[in-house]
Amino acid sequence: MQTSRELSLPQMGCGTWAWGNRVLWGYDESMDDELQAVFNLCVSKGVTLFDTGDSYGTGKLKGRSELLLGKFDREYLGPGKENICLATKLAAYPWRLTRQSIVSACQSSAKRLGRNVDLAQMHWSTANYAPWQEWPLLDGLADLYEQGLVKGVGLSNYGPSRLKRVHQKFAERGVPIATLQVQYSLLSTYPVTQLELKSVCDELGIKLIAYSPLALGLLTGKYSENGPFPQGIRGLFFRWLLPGISPLLACLQEVAESRNKTMSQVAINWCISKGTIPIPGAKSLDQAQQNIGALDWQLDTGEIAELDQAAASVDRKMVQNIFQTK
């Protein structure tokens with residue numbers, strides 16, 4: 001049986017949710033070559049954790065994100081290939097009711113990836129709306145580890161109370177929880193500052209993964225309260241949020257300029273400085289290069305304190321994931 005200690009978890013990963021969203025809204029096969037180049041660059045620079053989900057890409061393109069990730073993994077032949085960690089999140093769909101449904105879901109993911117999943121994660125907890133559904137699915141997640149189908153298991157969008165309960169139950173079966181994934185950034189400090197998840201994870205030996213570390217792009221400096229804004233609901237949200245976060249963006253820009261870095265790189269490095277593994281999305285080589293530029297240097301304690309203070313003082317913050325438990 002393989003153990004979670006065999007997982008290769010670098011300082012930073014790549015969240016393939018970006019590919020999944022693009023698949024969801026219309027996939028263009030002409031992107032394949034560029035996405036392969038993104039994957040190749042990331043691995044060659046030591047970014048070897050790739051996170052996706054079996055719900056990314058729906059309808060006729062169901063599972064497309066996993067299919068792409070498997071293709072990129074097979075075609076990469078450069079340095080660091082042996083360290084690639086493919087992680088997927090298994091959705092707690094209403095029709096998944098038994099432990100076997102999670103085992104089958106992971107086997108389907110493995111088929112799309114073309115190899116076993118390294119890290120299988122429960123995408124969200126059903127505790128907030130269907131608590132009776134959750135334990136059979138978690139039993140199935142533990143079964144995956146016991147049966148040697150995955151190297152490690154993790155959770156997503158779990159708070160400290162639920163995390164401790166699941167950890168105790170898994171420990172009784174000898175199944176370690178390798179990771180916990182939550183929304184975390186300078187605009188979403190709630191999981192750490194209020195839920196105190198980092199200290200709980202440290203106590204339990206769990207790595208904390210930070211998804212959306214750039215807050216949907218708000219921390220990149222690309223957007224201002226004067227626009228232009230993205231289309232749809234995201235644009236409306238940005239119009240509401242941006243006027244209240246200008247002090248944080250100003251602080252982020254000041255630190256970036258003093259470091260000769262970009263705002264994105266500082267925001268990602270801040271996540272790393274907090275002991276988390278950020279997984280920013282990358283849809284282009286430029287974005288990948290920007291993300292990689294957050295590695296191999298460290299913010300000093302004074303800069304971190306300035307950013308912490310600026311983050312705490314903003315009037316508005318990111319809306320928390322509706323599935324986030326306490």
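How are helices H10 and H11 oriented to each other? They are roughly perpendicular, and this pair is a good place to start a walk through what is a predicted model.

Helix H10 covers residues 246–259, and helix H11 covers residues 263–273. The two pack at an angle of about 100 degrees, with their axes 8 Å apart. Since angles from 65 to 115 degrees count as roughly perpendicular, the pair H10 and H11 therefore earns that description. If you look at where they meet, you will find Leu249, Leu252, Gln253, Val255 and Ala256 on the H10 side, facing Met263, Val266 and Ala267 from H11. Sorted by character, the residues of this contact come out as seven nonpolar and one polar, with no charged residue among them.

Now pause at the loop between H10 and H11, where you will meet asparagine 260. Its phi is near 60 degrees, a positive value in a residue other than glycine. Is asparagine 260 buried or exposed? Its relative accessibility is 71%, so asparagine 260 counts as exposed, the cut-off being over 50%.

Let us stay with H11 and turn to another of its partners. The axes of H11 and helix H13 (residues 301–313) come within 11 Å and cross at roughly 105 degrees, which means that H11 is roughly perpendicular to H13 as well. H11 brings Val266, Trp270 and Ser273 to this contact, while H13 brings Ile304, Leu307 and Asp308. Here the residues divide into four nonpolar, one polar and one charged. Val266 is worth a second look: this residue of H11 takes part in the contact with H10 and also in the contact with H13.

Trp270 offers a handy bridge to the next stop, threonine 189. This threonine sits in the loop that runs between strand S6 (177–183) and helix H7 (190–193). Why does threonine 189 count as buried? Its relative accessible area is 7%, and buried means under 20%. Setting aside neighbours within four places in sequence, threonine 189 is in contact with Tyr184, Gln194, Trp270, Ala311 and Lys317.

Moving past H7, you come to the loop between H7 and helix H8 (197–204), where glutamate 196 has its place. Like asparagine 260, glutamate 196 is a residue other than glycine with a positive phi; for glutamate 196 the value is near 55 degrees. Its relative accessible area is 49%, so glutamate 196 is classed as partly exposed.

Another backbone feature awaits in the loop between strand S7 (207–211) and helix H9 (232–241), which holds proline 228. The peptide bond leading from glycine 227 to proline 228 is cis, with omega near 0 degrees.

Finally, let us look for enclosed space. How many cavities of 30 Å³ or more does the structure hold? There is one, and its volume is about 30 Å³. Its lining is made up of Met12, Gly13, Cys14, Cys42, Val47, Pro280, Ala282, Asn291 and Ile292. Strand S1 (13–15) and helix H12 (285–292) each supply at least two of these residues. By character, the lining divides into seven nonpolar and two polar residues, with no charged ones.

Conventions
Residues are numbered from 1 along each chain as its sequence is written. This is a predicted model: local features need pLDDT of at least 70, side-chain atom pairs count only at pLDDT 80 or more; totals for chains, interfaces and linings use all residues. Side-chain values use heavy atoms; hydrogens and water are left out. On a 1 Å grid over the protein atoms alone, a cavity is a set of points where a 1.4 Å probe fits but cannot get out, and a pocket is an open set with protein on both sides within 12 Å along at least five of seven lines; lining residues have an atom within 4 Å of a point. Grid points are joined across faces, edges and corners, and a volume is the space filled by probe spheres set on the points. Helices (H or I, at least four residues) and strands (E, at least two) are DSSP runs, numbered from the N terminus. Ala, Val, Leu, Ile, Met, Phe, Trp, Tyr, Cys and Pro count as nonpolar, Asp, Glu, Lys and Arg as charged, and the others, Gly among them, as polar. Buried means under 20% relative accessible area, exposed over 50%, partly exposed in between (1.4 Å probe, protein chains only). Contact means heavy atoms within 4.5 Å. Axes are lines fitted to C-alpha atoms, for helices over the stretch in contact, and angles run from 0 to 180 degrees between N-to-C directions. Angles under 35 degrees count as roughly parallel, over 145 as roughly antiparallel, 65 to 115 as roughly perpendicular and the rest as oblique.
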